[in-house]
Each structure stands twice: as structure tokens, then as C-alpha cells.
Amino acid sequence: MAFSLLIRGGSVVDGSGAPARRADVAVEGERIAAVAPSLSGEAARVIDATGKVVAPGFIDMHSHSDLFYFACPSAESKIRQGVTTEVVGMCSFSQAPLRVEHQTLVKGWVGGIGLTPDLQWETFGQYLDALRGVRPAVNVVHFVGHGALRIAAMGFAARHADSGEINVMERHLGEALDAGAWGFSTGLVYPPSSYADTREIIALARAMAPRGGQYASHIRGESSMLLDSIAEAIRIGEEAGVRVEVSHVKASGRENWPKIDAALRMLDDARARGVDVAGDVYPYNAGSTKMDNLMPAWSHEGGIAKLMERLADPKLRRRIVEECLVDGERWGTVAQGGVGFDQIFIASCPRRELEGLSLAQLAQQSGQAPADALMNLLLDARCTVGMVSFSQSIDNVAKVLAHPALSVGSDSIPLFEGSGDRPGKPHPRSYGTFPRVLGEYARERKLFSLETAVSKMTGMPAARLGLRDRGLVEPGHFADLTVFDPAAVKDESTYPDPHRYPSGIPYVIVNGAVAVDDSRMTTRAGRVLTPAR
Ligand SMILES: [Zn+2]
């Protein structure tokens, strides 16, 4: 028997949660041909995995890489973590569908933080074809963003949709499903998705239910509104009869941290009565998003250009401060909760010298009140500012990560190709999410076994997504594989020094091709996947 690739001598952790076992893994073409204690035969390439674990490639259940694949198809910060499939189109954001007259609006909406998108399509299908053209290094599971559906139907209008507009959204959603979308996502804190009422989301979910479409929910509020917002996501799944994924499960803001237990209980109760709901989590107590999301929803009406006008209007600035300033030292919208100015950091900004500073430091340096420093920064940078904010409890992170129904999603973007300049202080989750679960949480803290950790990042999410031939080390499955050293695997990326690849992951195989070879990126072999319906 001749194989294209033989991985010898490793310990196979197959993604099902079953105990590790000594086995060789043979690959023929793009699929796994055999898994057995000792395989003989010719192979074009042999990898010695002695002392290493051979696992399925990791599935990032929640990623924003789609916004960056065209600029960074190698997605090196992802694949070097062992990620072979990413779920994208999350939190209401996607670059399609797109009506020609909305080009500028959508560029402002998905652009920023170093990205100037070049939008050359209208339908979701045309967009997916363009994405296939750049051949990302990882496999892509794409959702369509509710924000994109809504802009196509009604622009950036800050109001509920009428039935005609919902029909238009349903039509665009149907086209996206035809083209290969897995379902749709909301970002109910992000305009324009946040302008929708529950009825609108249920209508869209119902429309896709007969076709097996799934709903990924960045919920309406992760702070004071947490429990009501989880209830809303569950209700949407229950009333529409669709599978729901609660994105990046967390409780934001110190006063809301104790609510995490009730939130997890609500998921358990819903599952017990048959609602198909689960979720994902990233293993960090800081979040990251565009800094203009610190502005209240009403101030975004009409898009970024309108937001800039409002930020320059003294009366409206006062109104924003009245709404968002808490006790003079914390800032937050109703949906996001208050975070101290010393806990909000500039991750990326056209003024590079400001990157890494907290808003409190920026205020001090510039002699302004923190609120003014924030709004002036957004004005100066035309809202192209990324931030990292510490709003969560590290104990909660472990609690959520350990929950058996929750998988792992980085909520991140891929960063910078090649060996050039790596600007900014992006959230380390872009480089470290998956090795951090293996190293910090499984090996060091013993939060769960290695087998459970791997299963949460492979077999479990594959089953949620209905990926029938990925997520396990099993003959017949696609050869998406990660070879790592269980004693050494570690995230190296930190908040002050984020641009560092993890250690202990020498080989990553995508569709049978060795994409990371001896810790070096070699080839792009990813594929845009389409759901089996
Ligand atoms: Zn989100």
C-alpha cells in the first residue's frame, strides 16, 4: 500500500473524547486512509510523531477572519495554532450580500482597524467565489451576517423592519443559503443588527429552518442584560426551530460576573427541554472590538460618516457622555456595561505611537477628560481604532470553558503575512487561543483532560456544524490534522507582546497537504466548505 503521507509513532487523540492511543496515521490524497498501531508500506512523505499527539485540526467556532482573508489568505496566526477550519461571518458582520449603492456604507461598517475592503460582488455566491479565488489556508464555514442582510434591505435605518423589509432580508438569506452559507449571525449590540427586534430575528430564523440553517448569536447584552439576552437567543431557537450557537459566552462588567452561573443554567435547562442550543468561548478575560462600538447605538444611525458628524457636535457629545459615563471613571453603553478607562487599551490606530496605551493614559498624556480623549481619538482616526478591554472575570473564563456544551472560538482576526512589520497590540487570542486551551487550561490547570480539550476543539464543533467527514482522526475523514507536543504546547502571545506564534505545534495538515511543516508555513490548502443538506 502506498500513501501520500504517513505520520508515525504518535499518540492519537482522535477528537471523540476517547483516550489517547498509540497509532500511525496514513493519508492518501486529501483523506485519512488508515489509523492503526503499526502501519507499513510506502509513503511519499513520513513524519515522525514520536512523543507527539496527532489530533484532528482544530475548528475555530467563532472567527472574524473573513474580513481579512483577502488581505491575509495565509491566516498564519490561525493555522500556526493548529486551526484547520474557521467558522466566520459572525456577530452580524459579513461582506455580502452587497448592493452597489451601499458600497461606501458597508466599507465603513466592516472596514477600519487596518482594513480597506475591496468589495467587488453583489450576491453571497459571487462573494464566496471571490473567496475561493484567494484560497485561504484554512477551511471556511461561512455564515451570512444579519447586518449585511439588513443593510441590503433597509440601509442603516435605526428602526424595526417592516414586513416588506423582512421579506427582502429573507430573500437575501435564501440566496446565501443556496450559495453555501451555514445560516446567519446577529450582533445585537452592533448597529445595524442591534436595531432589530426579536420578531425580526425569529422571522429570519423560521425562513431558514426547513433548510437546516443555524443561528449564531452575539446576544443583545453581555452585561446587565445578560440573562434576558440569553433568554432571547433561546426563544429564537425554540420558536423558529433552529440550532443556536451563543457566541463568546461571558458576563461583562464586575457587577455582572456572578450572573454567569444563572446564564449557564439557562442553557442547561433549555437543552434539557429539547432546545438545540450550545455556545463557544475564548480563553481570555479581555475582549476586543472596534472602539467606535463604545458609542451608543443611536449615534451610529446612518453609518460611520454620520457617527463622525455626531462626534463633532458639542450637544450630542454631551448626550453621549451623559449616557455612557458611569461614576466618572467607567465607560459603557447599556448593552456592554461599564469598564474603567484604565482597562480599555488602544490595540490598533493610525497614530502608531498610541497603540498599547489605555484611555486613562491617553487622557493624562493629552490633558483631556477621558471621555473627550476617547471621542477625539475616534474623530482623528475616522473610527479606525481597535481596542482590547478587560471586562471579564478570569474565574468565569474557566467555568465557561469547562462547560460540556461549549466549544472554543477565538473571536479573532488573522494577522499580517510574511516577515514584515507587525503593527499594533492586537488581542493575543489571534495567535494563542487553541494552544492556550491545551497548555494553560488542560496541562497546567487540569481544568479537563487533554482528550476533552481536543474534543471541544474538534469532534464536538464538527458535530454541531454537521461536518460529517471532519473533526475526527478516522479513516475516510478529510486529513485535517495537527501534530503537537503535549508537554510543550503553549501560547506565547501576550498583551504587551502579541505578535508571537505558539510553540509546540510543528505540523498542521489541511486536506492532506502539510501546510505547517516543522513550524514553518508552506502552502495554502483550505477550502470554502458547503453544508450537507
Ligand atoms: Zn461578537
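**Exercise 1. Strand β14 and its partners**

Which residue in β15 does Gly-187 stand opposite? Describe how β14 is paired and how far it is covered.

*Solution.* The model is predicted: local features need pLDDT of at least 70, side-chain atom pairs count only at pLDDT 80 or more, and totals for chains, interfaces and linings use all residues. Residues are numbered from 1 along each chain as its sequence is written, and side-chain values use heavy atoms, with hydrogens and water left out.

Step 1. Helices (H or I, at least four residues) and strands (E, at least two) are DSSP runs, numbered from the N terminus. Strand β14 spans residues 183–187, and β15 spans residues 214–218.

Step 2. Two strands pair if DSSP finds at least two bridges between them. Strands β14 and β15 run parallel and are joined by 5 bridges. Within this pairing, Gly-187 stands opposite His-218.

Step 3. Strand β13 (residues 144–145) also runs parallel to β14, with 2 bridges between them. Here Val-144 faces Phe-184 of β14.

Step 4. Buried means under 20% relative accessible area, exposed over 50%, and partly exposed in between (1.4 Å probe, protein chains only). In β14, 5 of its 5 residues are buried.

**Exercise 2. The zinc site**

Which protein residues are donors of the zinc ion, and how are they spaced in sequence?

*Solution.* Step 1. Donors are N, O and S atoms within 2.8 Å of the metal (3.2 Å for Na, K and Ca); water is not among the atoms, so sites may look incomplete.

Step 2. The protein donors are Cys-91 through SG, His-218 through ND1 and His-248 through NE2, at 2.0 to 2.2 Å from the zinc ion. Their spacing in sequence is C-x126-H-x29-H.

Step 3. Cys-91 and His-248 link distant parts of the chain, being 157 residues apart. Cys-91 belongs to the loop between β11 (83–88) and α2 (103–110), whereas His-248 belongs to the loop between β16 (243–246) and α8 (260–272). Both Cys-91 and His-248 are buried.

**Exercise 3. Aromatic pairs**

How many aromatic pairs are there, and why does the pair Phe-58 and Phe-434 count as stacked, tilted or edge-to-face?

*Solution.* Step 1. Rings of Phe, Tyr and Trp (its six-membered ring) pair if their centres lie within 6.5 Å; planes under 30 degrees apart count as stacked, over 60 as edge-to-face and the rest as tilted. The count is 13 aromatic pairs.

Step 2. The ring centres of Phe-58 and Phe-434 are 5.8 Å apart and the planes lie at 10°, so this pair is stacked.

Step 3. Phe-58 is in strand β10 (residues 58–60) and Phe-434 in helix α14 (residues 429–444), so the pair links parts of the chain 376 residues apart.

Step 4. Phe-58 counts as buried because its relative accessibility is 0%. Phe-434 is likewise buried, at 0%.

Step 5. One aromatic cluster is formed by Phe-70, Trp-121, Phe-124 and Tyr-127.

**Exercise 4. Charges**

How many salt bridges are there, and is Asp-411 buried or exposed?

*Solution.* Step 1. A salt bridge is a side-chain nitrogen of Lys or Arg within 4 Å of a carboxyl oxygen of Asp or Glu. The count is 39 salt bridges.

Step 2. Asp-411 and Arg-429 form a salt bridge at 3.6 Å, N to O. The two are 18 residues apart: Asp-411 lies in the loop between β24 (406–408) and α14, and Arg-429 in helix α14. Asp-411 is buried at 8% relative accessibility, and Arg-429 is buried at 3%.

Step 3. A charge sits over a ring if NZ of Lys or CZ of Arg is within 6 Å of the ring centre and within 35 degrees of the ring normal. Arg-429 lies over the face of Tyr-282, at 4.6 Å from the ring centre. Arg-80 lies over the face of Tyr-501, at 4.1 Å from the ring centre.

Step 4. Arg-159 and Glu-165 form a salt bridge at 2.8 Å, N to O. Arg-159 is partly exposed at 40%, while Glu-165 is buried at 12%.

Step 5. A network of salt bridges links Arg-243, Glu-245, Asp-276 and Arg-464.
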